Amino acid sequence: MARKTINVDYLARVEGEGGVKITFDGNTVRDVQLRIFEPPRFFEAFLRGRAYTEAPDITARICGICPVAYQMSAVHAMEDALGVTVTPEVRELRRLLYCGEWIESHVLHIYMLHAPDFLGYPGAVEMAKDHGDLVRQGLELKKIGNEILEVLGGRAIHPVNVRVGGFYRAPTRREFAPLAERLKHARDIARATVRWVAGFDFPDCERDYEYVSLGAAGEYPFNAGHVVSNKGLDITPHQYDAYFEESHVKRSNALHSHLQGRPYLTGPNARYSLNAAQLSPLAREAAQEAALGETCTNPFRSIVVRAVEVLYACDEALRIIDAYREPEQPHLDLTPRAGVGYACTEAPRGMLYHRYRIDADGSILDAKIVPPTSQNQPSIEDDLKTFAGDWLDLPEEALRVRCEQAVRNHDPCISCATHFLKLEVVRM
Amino acid sequence: MNAGRRPKLAVWKFASCDGCQLSLLDCEDELLAVAGAVEIAFFPEATRAVVRGPYDVSLVEGSVTTPHDAERLHTVRRQSRTLITIGACATAGGIQALRNFKDVREFTQVVYARPDFIDTLTTSTPIKAHVNVDFELHGCPINKHQLVEVLAAFLNGRQPNAPAHSVCVECKLRGTACVLVRGIPCLGPVTHAGCGAICPAYNRGCYGCFGPMETPNAPALSRKLEACGMGQRDLQRVYSTFNANELPFREESARHGS
């Protein structure tokens, strides 16, 4: 039997450093290894002893692409530990902030990281030579997402305005007014984006995933809800540790997470499949037009789901800004107490779990953070195991590109996935 | 640089969150112009295409935390005419340098056979600790407008306009009333400018993510912060975040505990 190995030493157009190795034995895929060599950064270790108020700013630094997700999971977990619930006004502003991050992160992925695979370019800059207007349109849409983050968060990367209990300052209606006009424009681009990506050529790849996301919240999920799956799971974030388990895989500087021993998938396809009914009418219409159906089990079509979520985020941001009244208090005044807090929120690339135990003086005793990419890793490898055998007839370079594309389907954020590993000291 | 040839730009990553290199992709209005002015020769987060070195300008993100990265950094330096560090990780060791203090304590009793080796594995160090650096851009994250300015400056053979004064000057320029006089603890007086004084404009004290300014007087500020109600533990923590390894912040943090 001919043995053949496809090695992608350095995955391009993903956030962070990783590679893939696939070993074929004849027509069968013998082994798939998603290797992550991003150096570990030990966030959980140095969170110990920090003040509970510092968690949103410190954990934001795990990921420059989705810092809002880290801030949101951190503040909700801390509020859970303190036994407080934020005001409805703060809740809405947090949804708005998440809209900004989804737009920015999804559009980055759609236009700059993933679309070049479908159209046969090494990257967006090269793609811009032939499709300048399209790339400019994507950059414009991404910019509007960043503008939400700048007005509400102070800046796009590592926003400064988020605190446990709310925001340091609530923007005025007047500050938001120009955003409303921009968002109407964004909505048009987002609609066009759905049409554009829906026309791509998708390989015929369906998988029977166990999809996990927040759900049952009466809204398309950002910050609230149960943890649900399409195979019957329905738990609260408090029960997360009893159902999900992480294990260390030697070849990778990241942990793998399983749901009662089973691989599962979080992210846009999971969110959509479990919550499609909660999308805005415009987003639902666009999804229908893109022939998405009630669920989407083709990972290559995640780019269409991302585009639908961008459209939803534009719509939702407009709704929130239209209804916005400046709150009397932008945040709750909090007193620390000993306790444990749990939270799951929906990062652009999937569910993000935080758990903290804090002391009576508000110092963090221990922290646990499970980012979406370590949850998705087993499923990413399974995708390649399932699909790659059918692609063996492709020429070598096309096969390599197709395998890379299959990894990029899940927008893996390798920086996120490697923040925790124990330090390995080499003594010579 | 030869006339007629576009200068080659490379973007390198070490231990980091990717936020600073994302700043380049966040230059939505300038990105295609930058891509026209330079040849994006190595930027794995944006393209799988690779053009061989040497490179005219290398942007380096992230800190050195492994022996392999320490070696890799030297190959980056050898291929780069100009090397610019972007962000607090590359410039100061980043938040992951918090481990440095823990390990220093743990290992004070230990006699190292190969301290050089162990250090690179148990500490997070800035790029300048390993190779010569031509310019350091501060911030966690960097300010994208400053990034464009620094790139334009190097491509045109002039000095970048990136002042090393404090955030206080930026508050004055922005017209923000001082938060410190209202009793909100603020690191603005000792922190390097560049962000545009965002935090005080959001009713919050600066938390020092751009690192120490030139010649800061941190002990004087700490007295002021104590008057705002900060205890010793808060003072120890406030200087010990994203630029914890920078000497003025490290020393001031250590004065208030460990």
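**Figure 1. B:I86, a buried residue in a strand of chain B.** In this predicted model, B:I86 counts as buried because 30 other C-beta atoms lie within 10 Å, and the cut-off for that label is 20 or more. The residue belongs to strand β4 of chain B, which covers residues 80-86. Leaving aside residues up to four places away in sequence, look for its contacts with B:C20, B:L59, B:V60, B:E61, B:L137, B:I142 and B:L147. One of these partners, B:I142, is 56 residues away along the chain, yet the two C-alpha atoms are separated by 6.6 Å.

**Figure 2. Chain B as a whole.** Stepping back from B:I86, we find 12 helices and 5 strands in chain B. Its radius of gyration is 19 Å, close to the 18 Å from the globule rule for 258 residues, so chain B is as compact as a globular protein of that length. Along the principal axes, the C-alpha atoms fill a box of roughly 60 × 55 × 25 Å. Of the 258 residues in this chain, 54% are buried. If you like contact maps, here is a handy number: among contacts in chain B with a separation of 6 or more, 72% link residues 24 or more positions apart.

**Figure 3. The two domains of chain B and where they touch.** Domain 1 spans residues 8-155 of chain B, and domain 2 spans residues 167-255. Their C-alpha centres lie 25 Å apart. Each domain brings 14 residues to the contact. On the domain 1 side, α4 (88-92) and α5 of chain B are the elements that give two or more residues. The top contributor on that side is α4(B), with 3 residues. By residue type, the domain 1 side has 6 nonpolar and 8 polar residues, and no charged ones.

**Figure 4. The side of chain B that touches chain A.** Here 44 residues of chain B are in contact with 47 residues of chain A. On the chain B side, five helices are worth finding: α1 (19-25), α2 (31-37), α5 (98-107), α6 (115-122) and α9 (198-201) each supply at least two residues. The most comes from α1(B), which gives 5 residues. Sorted by type, the residues on this side of chain B are 25 nonpolar, 8 polar and 11 charged. Helix α5 of chain B is worth a second look, as it appears both here and on the side of domain 1 that touches domain 2.

**Figure 5. An open sheet in chain A, with a helix lying across two of its strands.** As a reminder, strands of a sheet pair through backbone hydrogen bonds, either parallel or antiparallel. In this sheet of chain A, 3 strands follow the order β6-β7-β8, and the pairing is antiparallel. At the edges sit β6 (212-215) and β8 (234-235) of chain A, each of which pairs on one side only. Strand β7 of chain A, residues 226-229, is joined to β8(A) by 2 bridges. To get your bearings along these two strands, find A:V227, which stands opposite A:I235 in β8(A). Helix α9 of chain A (residues 268-275) lies across β6 and β7 of that chain, and runs at about 50° to β6(A).

Definitions and conventions
Residues are numbered from 1 along each chain as its sequence is written. Chains are lettered from A and ligands numbered from 1 in the order in which they are written. This is a predicted model: local features need pLDDT of at least 70, side-chain atom pairs count only at pLDDT 80 or more; totals for chains, interfaces and linings use all residues. Two residues are in contact if their C-beta atoms, placed from the backbone, lie within 7 Å. Helices (H or I, at least four residues) and strands (E, at least two) are DSSP runs, numbered from the N terminus. Ala, Val, Leu, Ile, Met, Phe, Trp, Tyr, Cys and Pro count as nonpolar, Asp, Glu, Lys and Arg as charged, and the others, Gly among them, as polar. Domain bounds come from an automatic or database domain assignment. Two strands pair if DSSP finds at least two bridges between them. Axes are lines fitted to C-alpha atoms, for helices over the stretch in contact, and angles run from 0 to 180 degrees between N-to-C directions. A residue is buried if 20 or more other C-beta atoms lie within 10 Å of its own, exposed if 12 or fewer, and partly exposed in between; C-beta atoms are placed from the backbone. The radius of gyration is taken over C-alpha atoms; the globule rule is 2.2 Å times the number of residues to the power 0.38.
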